[in-house]
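I sat down with this model and kept notes on what I looked up. Here they are, entry by entry.

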Amino acid sequence: MDESVKPTSRRAFLKGTAAAAVGSVAGAAAAGTPDPLITELQDWASITGAGVDETPYGLPIRFEADVIRRNVEWLTASPISSINFTPIHALDGTITPQGCAFERHHSGAIELTKGDYRLMINGLVDRPLVFTYEDLERLPRENHVYFCECAANTGMEWAGAQLNGVQFTHGMIHNMEYTGVPLRTLLNEAGLGATRDFEDKWVYVEGADASSNGRSIPMEKALDDVLVAFKANGEALRMEHGYPVRLVVPGWEGNMWVKWLRRIEVTDAAVESREETSKYTDVYADGTARKWTWVMDAKSVITSPSPQMPITHGNGPMVISGLAWSGHGQITRVDVSKDGGITWETARLGKQGDTKALARFYLDTVWDGAPMLLQSRAMDETGYVQPTKDQLREQRGENSVYHNNCIQTWYVNAEGIAENVEVS
Amino acid sequence: MSKSPNLVLPAIGGIALMLGVAYGFSSRNYGADTFALLEDRVEKAEARMSSASDQAKAAAERVTALELAVAEAQEQGAKGTNLTAPAPQMEGTYGLGRVAMTEEIAAWDVDVLPDGRGLPEGAGNAFVGEEVFADKCASCHGDFAEGVDNWPVLSGGFDTLADKDPVKTVGSYWPHLSTVYDYVYRSMPFGEAGTLTPDETYAIVAYILYSNDLIDDEFELTHENLGSFEMHNKYGFVIDDRPELEYAAWRAEPCMENCKDAVEITMRSVFLVETPAEGGTNSMMNPAKVEGLPSFSAAGPSFIREATPKPVKAAVEPALETEQVDDGEAMIAAGKKVFKKCKACHQVGEGAKNKTGPHLNDLFGRTFGSVDGFKYSNTFKTALDEGRVWDEASLAEFLAKPKAYMKGTKMSFSGLKKGGDIEAINAYLAAFGN
């Protein structure tokens with residue numbers, strides 16, 4: 001794909017490398033001085049390192065200590081009913097390590113053992129059932145990679161550019177490989193004979209924590225791709241993501257992915273719980289609101305460069321990188337603009353194929369040192385094109401809070417520093 | 001390939017019924033604006049009704065297709081990268097799980113549907129509710145449900161939904177009263193969820209309605225009339241219409257070149273965010289202005305390069321020293337666990353601030369009610385005047401029964417009941433002494 005390195009930018013490329021050679025002293029033998037890291041014997045090349053008995057379960061090396069979830073204290077009244085953000089600026093690839101995947105709790109993360117875990121299925125079923133954790137592991141299971149995005153991700157940006165950092169504008173998202181039992185298998189165990197016509201039937205799901213977060217899912221979705229999951233990225237779910245069992249509702253807003261899942265009830269109406277009326281509904285300019293806006297529409301963002309990831313290497317070759325996802329299926333294309341949407345180039349998708357999962361895109365390009373207005377624009381398999389902020393506001397006003405999938409703009413100045421901005 | 005979520009039909013009543021409600025509201029003095037807004041909504045609903053009948057047809061067709069949903073889902077699974085083959089579908093069942101007992105279902109199945117199904121027998125009014133609310137809810141939500149600090153506001157906000165910052169409260173926004181009962185009974189008070197009785201809950205719900213001027217204080221709310229109570233914003237919601245209003249328009253092939261004449265920066269980030277090594281964030285207002293920033297056109301940025309761009313130093317240096325945690329004392333560790341019950345309201349440790357309750361650093365030896373900047377109740381003010389000082393014994397007594405030990409305290413906490421908890425918390429708090 002050297003489409004992005006167009007002939008016109010060849011000259012810039014040459015100019016750029018010259019400047020870069022001056023700029024990056026670190027790796028090169030600048031001014032003829034040999035690099036002591038190479039010429040002198042280093043401790044690590046002489047003294048032995050850590051033994052295999054030192055770290056039974058490892059954390060990232062301490063030099064990566066800043067790649068952590070972070071919260072913004074004043075956003076909520078208490079850290080117990082609050083949110084923190086995935087450090088997406090510093091990650092690459094598509095899988096989010098569990099330890100830095102964002103958390104949102106309504107009454108704190110609880111400790112629930114596998115032994116104490118019970119899952120009840122009741123309501124309009126032939127046989128109300130109780131499953132233990134062990135029962136779940138005896139049913140046929142599947143593996144799928146899916147993104148989980150909080151409906152409020154990018155929500156502050158309805159009011160214009162707010163927090164300076166992609167971790168805070170777009171970090172309420174993670175992407176994991178889940179292992180779990182299809183919900184339809186469990187419903188089949190309880191028997192849906194009583195509801196043979198599935199019309200207007202719902203599945204109400206509820207968590208075991210003190211908030212007992214409950215959401216209503218239409219039967220059609222419940223029978224489609226919903227998973228009752230107990231593993232993520234190969235290991236047990238983390239406490240903060242619902243250990244031992246959570247619901248996975250592919251492509252739909254994160255609040256429905258009930259953690260510490262304890263009950264599944266088949267009903268003939270939506271419960272219209274607090275989380276599907278007071279919250280997670282979208283208020284429009286005239287004061288009316290949309291409800292049941294479950295699907296997360298196609299969205300993308302450039303993770304590097306971004307405010308937390310300035311360009312530090314001077315001009316020359318560089319990689320613009322970002323994430324794209326759609327609750328409607330696969331991402332088919334991502335375009336990148338360096339001039340605020342006047343001209344677009346098609347980026348390279350790092351990996352293709354997963355539906356309702358994060359896709360990584362790269363634009364391999366050359367920076368001439370001039371300021372940029374970086375934007376990315378995702379398209380999904382339905383042909384949907386990620387909208388601009390103006391398109392969204394025209395439809396919905398500025399009071400929605402949720403479901404903001406606008407095109408994001410970073411202003412990169414001549415120093416390589418990036419800032420969250422809004423453009424005409 | 002992904003299916004529209006619109007299978008579920010709008011649960012909107014007839015148009016005539018809605019108009020009736022609109023007149024009802026206007027005669028209840030909700031103001032001309034509200035009336036106009038409602039008329040506007042009725043028009044919208046009418047438009048939706050015609051599309052609803054089309055949707056009904058489509059839905060009927062889809063219902064028959066639902067039998068195929070399983071097969072289709074498997075096909076969908078096969079479309080992406082196939083991490084594993086789809087799970088097999090059984091003809092019968094695997095016979096796993098055991099039958100749920102009636103008592104078990106009764107214990108967990110307490111959700112309430114909009115029409116009131118699921119409500120337990122009981123009753124309450126605002127007169128009684130005021131007392132329960134003051135006792136169990138007001139420390140966070142305010143005496144009149146108006147909200148304290150950052151905690152949620154439960155009342156008021158009528159006629160603000162179309163404003164720039166709408167005030168969405170139980171009164172102004174919630175479409176069903178069932179939701180209030182359902183949520184309060186299951187999830188509140190925050191930190192002591194699941195402890196309310198049905199009668200207490202009916203009384204509290206009545207009090208919240210009363211503080212929203214929706215009923216008078218004698219109105220008796222019961223399991224029989226709760227489901228039919230009409231909330232102010234009952235007709236304020238439409239079912240997701242993105243498919244019709246947005247998807248259709250936003251599926252065009254996008255522009256690639258000369259898409260705009262020029263681009264200006266119209267707004268810069270309101271907050272700059274620092275990411276300190278110890279975690280969390282510090283944010284501050286961004287003083288920078290948009291003036292002087294380059295504008296962009298197809299010819300490139302309006303920008304004169306002054307010098308070769310300098311490389312910038314990496315933003316964050318990770319902290320190198322690792323903290324040595326003293327986990328020698330099991331008691332302190334146990335206390336830390338118990339402190340989870342206090343955490344909703346109190347902070348302790350370095351940088352602890354006053355929250356709903358005062359910070360608890362240096363507690364032992366501290367005079368009652370003496371933390372600067374915290375607004376104590378009168379009973380704590382009196383204790384301060386009397387010069388009472390916290391020690392392990394007084395804390396133990398206080399935490400066993402806060403309301404009995406400090407009559408009139410605004411600490412909404414029923415007390416530590418489990419043996420050992422009080423000793424553990426004593427040890428834990430002592431560790432934050434001077």
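Entry 1, terms. Before placing anything in a helix, I note that helices here are DSSP runs of H or I with at least four residues, numbered from the N terminus. With that settled, I looked up A:Gln391 and found it in helix α7 of chain A. I should also write down that I am working with a predicted model. A:Gln391 counts as partly exposed, at 31% relative accessibility. I then checked its spacing to A:Ile407: the two are 16 residues apart in sequence, and their C-alpha atoms are 9.9 Å apart in space.

Entry 2, chain B overall. I counted 14 helices and 10 strands in chain B. Its length is 434 residues, and 40% of them count as buried. I also looked at how far along the chain its contacts reach. Among contacts in chain B with a separation of 6 or more, 56% are between residues 24 or more positions apart. The exposed area of chain B is about 23400 Å², with 55% of it supplied by carbon and sulfur atoms.

Entry 3, salt bridges. Side chains of opposite charge can pair when their charged atoms come close. Over all chains I get 42 salt bridges. I picked out a few of them.

The pair A:Arg263 and A:Glu206 came up with an N to O distance of 3.2 Å. A:Arg263 sits in strand β12 (residues 261–267) of chain A and A:Glu206 in strand β7 (residues 202–207), so this salt bridge ties together parts that are 57 residues apart in sequence. Buried or exposed, I asked of A:Arg263? It is buried, at 0% relative accessibility. A:Glu206 is buried too, with a relative accessible area of 0%.

Next I looked up B:Glu246 and A:Arg396, whose closest N and O atoms are 2.8 Å apart in a salt bridge. This pair crosses between chains, going from helix α9 (residues 242–247) of chain B to helix α7 (residues 389–396) of chain A. Both B:Glu246 and A:Arg396 are buried.

Then I turned to B:Glu230 and B:Lys234, a salt bridge with its closest N and O atoms 3.5 Å apart. B:Glu230 counts as partly exposed at 32% relative accessibility, and B:Lys234 is partly exposed with a relative accessible area of 32%. I also noted a network in which salt bridges that share partners join A:Glu206, A:Arg262, A:Arg263, A:Glu265, B:Asp109, B:Asp111, B:Asp182 and B:Arg186.

Entry 4, helix pairs in chain B. I took helix α5 (residues 126–136) and helix α8 (residues 198–211) of chain B, whose axes come within 7 Å and cross at roughly 95 degrees. Angles from 65 to 115 degrees count as roughly perpendicular, so α5(B) is roughly perpendicular to α8(B). On the α5(B) side the contact includes B:Val128, B:Val132 and B:Phe133, and on the α8(B) side it includes B:Ile204, B:Tyr207 and B:Ile208. I sorted the residues of this contact into 10 nonpolar, one polar and three charged.

I did likewise for helix α10 (residues 330–338) and helix α14 (residues 421–430) of chain B, whose axes come within 7 Å and cross at roughly 105 degrees. α10(B) and α14(B) are therefore roughly perpendicular to each other. Among the residues that meet are B:Met331, B:Ile332 and B:Val338 from α10(B), and B:Ala424, B:Ile425 and B:Tyr428 from α14(B). This contact divides into eight nonpolar, one polar and three charged residues.

Entry 5, a helix in chain A. Why do I call helix α5 (residues 183–190) of chain A largely enclosed by the rest of the structure? Seven of its eight residues are buried, so the description holds. The buried ones include A:Leu183, A:Leu186 and A:Leu187. A:Gly191 follows α5(A) and has a positive phi, near 85 degrees.

Entry 6, backbone oddities. Most residues other than glycine have a negative phi, and most peptide bonds are trans. I looked for exceptions.

- A:Ser304 and A:Pro305 are joined by a cis peptide bond with omega about 0 degrees, and A:Pro305 is in the loop between β15 and β16 of chain A.
- The B:Met188 to B:Pro189 peptide bond is cis, with omega near -5 degrees; B:Pro189 is in the loop between α7 and α8 of chain B.
- A:His403, not a glycine, has a positive phi of about 55 degrees, and at 5% relative accessibility A:His403 counts as buried.
- B:Asp213, not a glycine, has a positive phi of about 60 degrees, and at 67% relative accessibility B:Asp213 counts as exposed.

Terms used
Residues are numbered from 1 along each chain as its sequence is written. Chains are lettered from A and ligands numbered from 1 in the order in which they are written. This is a predicted model: local features need pLDDT of at least 70, side-chain atom pairs count only at pLDDT 80 or more; totals for chains, interfaces and linings use all residues. Side-chain values use heavy atoms; hydrogens and water are left out. Buried means under 20% relative accessible area, exposed over 50%, partly exposed in between (1.4 Å probe, protein chains only). Contact means heavy atoms within 4.5 Å. Accessible areas come from the Shrake-Rupley method with a 1.4 Å probe; for residues, only the protein chains shown count as cover. A salt bridge is a side-chain nitrogen of Lys or Arg within 4 Å of a carboxyl oxygen of Asp or Glu. Axes are lines fitted to C-alpha atoms, for helices over the stretch in contact, and angles run from 0 to 180 degrees between N-to-C directions. Angles under 35 degrees count as roughly parallel, over 145 as roughly antiparallel, 65 to 115 as roughly perpendicular and the rest as oblique. Ala, Val, Leu, Ile, Met, Phe, Trp, Tyr, Cys and Pro count as nonpolar, Asp, Glu, Lys and Arg as charged, and the others, Gly among them, as polar.
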